[in-house]
Amino acid sequence: MPLPGGGHTLDRWRALATLAAEDVCLAKWLEAHYDAQAILMELEGDAPGPGQAWGVWAAEPPGDTLALHRIPGQRLGRLHGTKSWCSAATSLTHALVTVREDEARVLVAVALDDTVQVDASGWQAVGMRRIETARVEFNGTTARVVGRPGEYIARAGFWHGGAGIAACWFGATRAIAERLRADRRASSDPHAAAHLGAIDVRLSALAAVLRETAALIDEAPTLPHQREVMQLRGLAEDVAQDVIARCGRALGAGPLCAEGDHAQRCADLLTFLRQHHAERDLEGLGKLAAQEEDAWRL
């Protein structure tokens, strides 16, 4: 998989979109592994080893008790405590985990060995149900510090990786739209045709923004392009929600009730989309736009 910012970012996103069109859960699982690969290459220069499956666990909700006890003078330490929202915890061999050290966010690499207990009993999801997201307890797990404190968030690649999620959303959205495009009602029923026309406009616009953002990242890979990535993610989330609604209105309940693949894809995508933080992300984007004197230049 090409690394983001290496001149083939669009190829990377096309591959992620293709995966998501086929299987949203598989795309989510592999996207996290490829994101971990990019992080390790950017911060350490080393890729994951053969046969390893990595995740990135960076959520820090209230109630987590995770602490890093470093070996003095070294980049090694021991992890103790719990971490929530650990995606795919039951099927990984390794993970990159954020932990607070003093006031800084530190990224550590861990092997998921017998010092780690995974509790996925709380994962009752319908959408993304095969990506069991767990609460993980670390009991003295060996941890290697990756990069400098705060570097995980501060690096440009943090935003480049976030854009890759939008490529997954696009792929799944396109597959849902294809169900309507291939239906005879798209050409025989005026309302279905109108919904497909609206979908055509929106998906074409999203594809154009994906291509443009990939080009920006490849042209200036040391810049985060935060505003452009947040625009892309906001557009992708909005388009996906609209396409799911329009396909439902055009086709009725039939595909959602009788076609398991389509119904699961819709449910999976709706859950996956919540990695966009809705109004919170839009607020952040609005603050960035307010600082631009020529915010919407052509």
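Okay, the cavity. Its lining is P4, R12, W13, L16, E31, D35, H160, G161 and G164. This is a predicted model, by the way, so treat everything I say as computed from it. The volume of this largest cavity comes out at about 40 Å³, and the structure has one cavity of 30 Å³ or more. Three helices, α1 (9–22), α2 and α4, each put at least two residues into that lining. By class you get an even split: three nonpolar, three polar and three charged.

Now, W13 from that lining turns up again in the packing. The largest nonpolar core has 73 residues, and W13 is one of the five that touch the most other members, along with W57, L79, V108 and F138. Helix α4, residues 157–181, gives this core its largest share, 12 residues. There's also another core apart from it, with 11 residues, including L40, L96, L107 and Y152.

Let me stay on F138 for a second. Which residues does F138 touch, leaving out those up to four places away in sequence? The list is W57, L66, L79, H80, G81, K83, V97, V110, T115 and V116. Two names there, W57 and L79, were also among the top residues of the big core.

On to the pockets. The largest one has a volume of about 1500 Å³. It's lined by 44 residues, and the ones nearest its centre are A58, A59, R233, Q275 and H277. If you're setting up a grid box, that's your list to look at on screen. Where does the lining come from? At least two residues each are supplied by α2 (24–43), β1 (54–57), β3 (76–87), α3 (151–154), α4, α7 (226–251), α9 (260–272) and α10 (279–290). The largest share, six residues, is from α10. As for chemistry, this lining has 23 nonpolar, 12 polar and nine charged residues.

The second largest pocket holds about 290 Å³ of space. Around it sit V209, E212, T213, L216, R227, E228, Q231, A295, W296 and R297. Two elements give two or more residues here, α6 (190–219) and α7, and α6 has the largest share with four. By class that's four nonpolar, two polar and four charged.

One last link between the sites: α7 contributes at least two residues to the largest pocket, and two or more to the second largest one as well. Helices α2 and α4, meanwhile, serve the largest pocket and also the cavity I started with.

Conventions: Residues numbered from 1 in each chain as written. Predicted model: local features only at pLDDT ≥ 70, side-chain atom pairs only at ≥ 80, totals over all residues. Heavy atoms only, no water. Core = buried A, V, L, I, M, F, W, Y, C linked by side-chain atoms within 4.5 Å. Buried < 20%, exposed > 50% of the residue type's maximum accessible area, 1.4 Å probe, protein only. Contact = heavy atoms within 4.5 Å. 1 Å grid on protein atoms, 1.4 Å probe; cavity = no way out; pocket = protein on both sides within 12 Å on 5 of 7 lines; lining within 4 Å. Points joined across faces, edges and corners; volume = space filled by probe spheres on them. Nonpolar A, V, L, I, M, F, W, Y, C, P; charged D, E, K, R; others polar.
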